[in-house]
Amino acid sequence: MEIEGKVIAVLPEQGGISPRTGNAWKSQEYVIETHDQYPRKCCFRVFGADRIAAMNIQSGEELRVSFDVDAREYQGRWYNTLSAWRVDRVDPAAAQAAAMGQQPMSAPGAFPPPPPASVAPTAQPVQQATPFPPAQPQEGEGAADDLPF
């Protein structure tokens, strides 16, 4: 999955020693806010000291984050983890222009509105549709009764 937005928080680095392997580990979480009509915040994690250093995520940066979603159960409650595996820097001007150019949707999952009709003049004048021809009275019907049934 992917999300694009601005990093609004860099949370403290966490670390420890794995009881199973005895190796040291490091993890850091970041909060990103989207540029949608109704902005959403999302907390994602980068695991591994080498990845944290390579990604070098700073507060205020515009990013596109690719991540995996995982859930685990602890004492009858479920918790989600968003683990980032790729981070791309996005040009702030392009991100802002894309956010400004978005059309609001009328409902979640609705189709966007159709594009406006072209205002350029057409080469040929548009002919108006002719109305239905008048109904002819049938036998036994008077001319005053112009109903089709």
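In the predicted model, Ser27 has Phe47 of strand S4 as its bridge partner. This pair belongs to a wider register. Strand S3, residues 24–33, and S4 pair in the antiparallel sense. Seven bridges join the two strands.

Strand S4 spans residues 41–47, and its side chains alternate. Cys42, Phe44 and Val46 point to one face and are buried. Lys41, Cys43, Arg45 and Phe47 point to the other face and are not buried. In a regular strand, such alternation places side chains on the two faces of the sheet in turn. Phe47, the bridge partner of Ser27, thus belongs to the face of S4 that is not buried.

The buried face of S4 also features in the core. The largest nonpolar core holds 16 residues. Those with the most contacts inside this core are Ile32, Phe44, Val46, Ile57, Leu63 and Val65. At least two core residues come from each of strand S1 (2–10), S3, S4, helix H1 (49–55), strand S5 (62–74) and strand S6 (77–89). Phe44 illustrates how these contacts are distributed. Leaving aside neighbours within four places in sequence, Phe44 is in contact with Gln28, Glu29, Tyr30, Ile32, Ile57, Val65, Leu82 and Ala84. Among these partners, Ile32, Ile57 and Val65 are also listed with the most contacts inside the core.

Charged residues were examined next. A search of the whole structure finds six salt bridges. One of them joins the side chains of Arg64 and Glu4, at 3.1 Å from N to O. Arg64 lies in strand S5 and Glu4 in strand S1, so this pair ties together parts 60 residues apart in sequence. Arg64 counts as partly exposed, at 29% relative accessibility. Glu4 is also partly exposed, with a relative accessible area of 31%.

A salt bridge also links the side chains of Glu13 and Lys26, at 3.5 Å from N to O. Glu13 sits in the loop between S1 and strand S2 (14–17), and Lys26 in strand S3, so the pair ties together parts 13 residues apart in sequence. Glu13 is partly exposed at 42% relative accessibility. Lys26 is partly exposed as well, at 38%.

Lys41 forms a salt bridge with Glu33, and the closest N and O atoms are 3.5 Å apart. Lys41 points to the face of S4 that is not buried. At 58% relative accessibility, Lys41 counts as exposed. Glu33 counts as partly exposed, at 25%. Side chains of opposite charge can pair when their charged atoms come close.

Glu62 presents another case. This residue is found in strand S5. Glu62 is buried yet has no salt bridge. The nearest side chain of opposite charge is that of Lys6, 5.5 Å away. A salt bridge requires the nitrogen and the carboxyl oxygen to lie within 4 Å, so Lys6 does not qualify. The side chain of Glu62 instead makes a polar contact with the side chain of His35, at 2.8 Å.

At the level of the whole chain, the secondary structure comes to two helices and six strands. From the N terminus on, the elements run β-β-β-β-α-β-β-α. The protein chain has 149 residues, of which 19% count as buried. Among contacts between residues at least 6 apart in sequence, 52% join residues at least 24 apart. The bridge between Arg64 and Glu4, with parts 60 residues apart, is one example of a link across the sequence.

Technical notes. Residues are numbered from 1 along each chain as its sequence is written. This is a predicted model: local features need pLDDT of at least 70, side-chain atom pairs count only at pLDDT 80 or more; totals for chains, interfaces and linings use all residues. Side-chain values use heavy atoms; hydrogens and water are left out. Buried means under 20% relative accessible area, exposed over 50%, partly exposed in between (1.4 Å probe, protein chains only). Helices (H or I, at least four residues) and strands (E, at least two) are DSSP runs, numbered from the N terminus. Two strands pair if DSSP finds at least two bridges between them. A nonpolar core is a set of buried Ala, Val, Leu, Ile, Met, Phe, Trp, Tyr and Cys residues joined through side-chain atoms within 4.5 Å. Contact means heavy atoms within 4.5 Å. Lys and Arg count as positive and Asp and Glu as negative; His and the chain ends are not counted. A polar contact is a pair of N or O atoms within 3.5 Å; within protein, one must be able to donate a hydrogen and the other to accept it, and residues adjacent in sequence count only if both atoms are side-chain atoms.
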